[in-house]
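Reader: I would like a close look at one part of this model. Please take the salt bridges, and then the helix packing beside them.

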Amino acid sequence: MLELYQFELSQYSEKVRLILDYKGLAYRKIEVTPGIGQLDIFKMSGQRKVPVLKDGNEVIADSTAIAKYLDRKYPDPPLIPADPQLRGVCLLMEEWADESIGVKSRKVLYGALSQSLSLRTALLPSATPDVLKILVGSVPSELVNILGFGIGYGPDVVQSATEDIKQDLEALCLLLMNRPYLVADHPTLADFAVAGLSMLLKFPEGNYLDIPENLKGKGIPGIADSMAYETFFNWRDRLYADYRKTLIPSSSTSAPSAPTSIQID
């Protein structure tokens with residue numbers, strides 16, 4: 001079975017999970033522990049980032065490389081159109097989504113976390129002790145903002161990213177007004193990239209992710225709850241309903257389940 005080494009809250013991992021489900025491929029999610037687990041990932045793949053896909057003896061890092069590998073190895077249904085023009089648009093849009101929505105949504109989420117104590121604690125893993133949740137929730141917003149400066153996520157950076165994301169969502173809404181998908185009359189890599197990478201802006205409803213129930217369908221205030229972007233999020237909801245598999249008990253091997261801890265051979 002395919003093995004996906006991942007973070008459950010990584011939007012790049014979600015992009016790959018959507019693709020695997022679309023292609024009907026059975027896989028096992030293996031949650032990587034930040035820090036020590038990433039050292040093991042380096043031993044396996046030569047780099048420290050997730051997602052990493054293991055297919056027998058093949059190890060593929062990076063969501064785009066994984067998508068292209070899966071389309072070569074498991075071509076039905078295809079991800080990338082054969083038509084040259086549609087192929088070009090698909091690849092351009094996928095790259096844009098990676099560099100715009102994928103990068104900037106993390107900055108926007110950080111800005112929301114600095115203001116919302118409840119969102120901050122809700123994003124902690126379900127196994128986090130209550131005392132640690134209380135400690136995280138009690139961190140003053142001013143201190144979170146100071147920490148943000150240290151990692152390059154100061155208020156000006158967050159504000160700029162927020163404005164860019166809102167423009168991106170407006171453009172996507174316009175593109176999707178009278179069409180079912182972004183590039184062709186069927187889903188492509190562009191659709192799954194945009195849908196998966198938008199995860200941090202608004203978490204999908206339904207039992208797709210191993211996250212607290214109170215996070216499902218929720219997201220960044222002013223974005224997730226704005227009528228201005230309803231067209232986009234309704235489209236994404238339909239894409240999930242049509243192609244994303246829901247979580248099932250881990251004893252099954254026919255579909256993804258809640259992640260297990262990392263195991264490196």
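Author: What follows goes through the salt bridges, then a helix pair, then the core.

This is a predicted model, so local features need pLDDT of at least 70, side-chain atom pairs count only at pLDDT 80 or more, and totals for chains, interfaces and linings use all residues. Residues are numbered from 1 along each chain as its sequence is written, and side-chain values use heavy atoms, with hydrogens and water left out.

The structure holds 13 salt bridges. A salt bridge here is a side-chain nitrogen of Lys or Arg within 4 Å of a carboxyl oxygen of Asp or Glu.

Start with Lys29 and Glu8. Their closest N and O atoms are 3.1 Å apart. Lys29 sits in strand 2 (residues 27-31), and Glu8 lies in the loop between strand 1 and helix 1, 21 residues apart. Helices (H or I, at least four residues) and strands (E, at least two) are DSSP runs, numbered from the N terminus. Lys29 counts as buried because its relative accessibility is 2%. Glu8 is buried too, at 4%. Buried means under 20% relative accessible area, exposed over 50%, and partly exposed in between (1.4 Å probe, protein chains only). Both residues belong to a salt-bridge network with Glu14, Arg17, Asp21 and Arg244.

Next, Lys15 pairs with Glu94 at 2.6 Å, N to O. This pair joins helix 1 to helix 4 across 79 residues. Both partners are buried.

Lys104 and Asp164 form another bridge, at 3.2 Å between the closest N and O atoms. It links helix 5 to helix 9, 60 residues apart. Lys104 is partly exposed, because its relative accessibility is 23%. Asp164 is also partly exposed, at 29%.

Lys15 has a second role, in helix packing. Tyr12, Lys15, Val16, Ile19 and Leu20 of helix 1 meet Ser63, Thr64, Ile66, Ala67 and Leu70 of helix 3. Contact means heavy atoms within 4.5 Å. The residues of this contact are seven nonpolar, two polar and one charged. For this count, Ala, Val, Leu, Ile, Met, Phe, Trp, Tyr, Cys and Pro are nonpolar, Asp, Glu, Lys and Arg are charged, and the others, Gly among them, are polar.

Finally, the core. The largest nonpolar core has 58 residues. Such a core is a set of buried Ala, Val, Leu, Ile, Met, Phe, Trp, Tyr and Cys residues joined through side-chain atoms within 4.5 Å. Helix 1, helix 3 and helix 4 are among the elements that each supply at least two residues.
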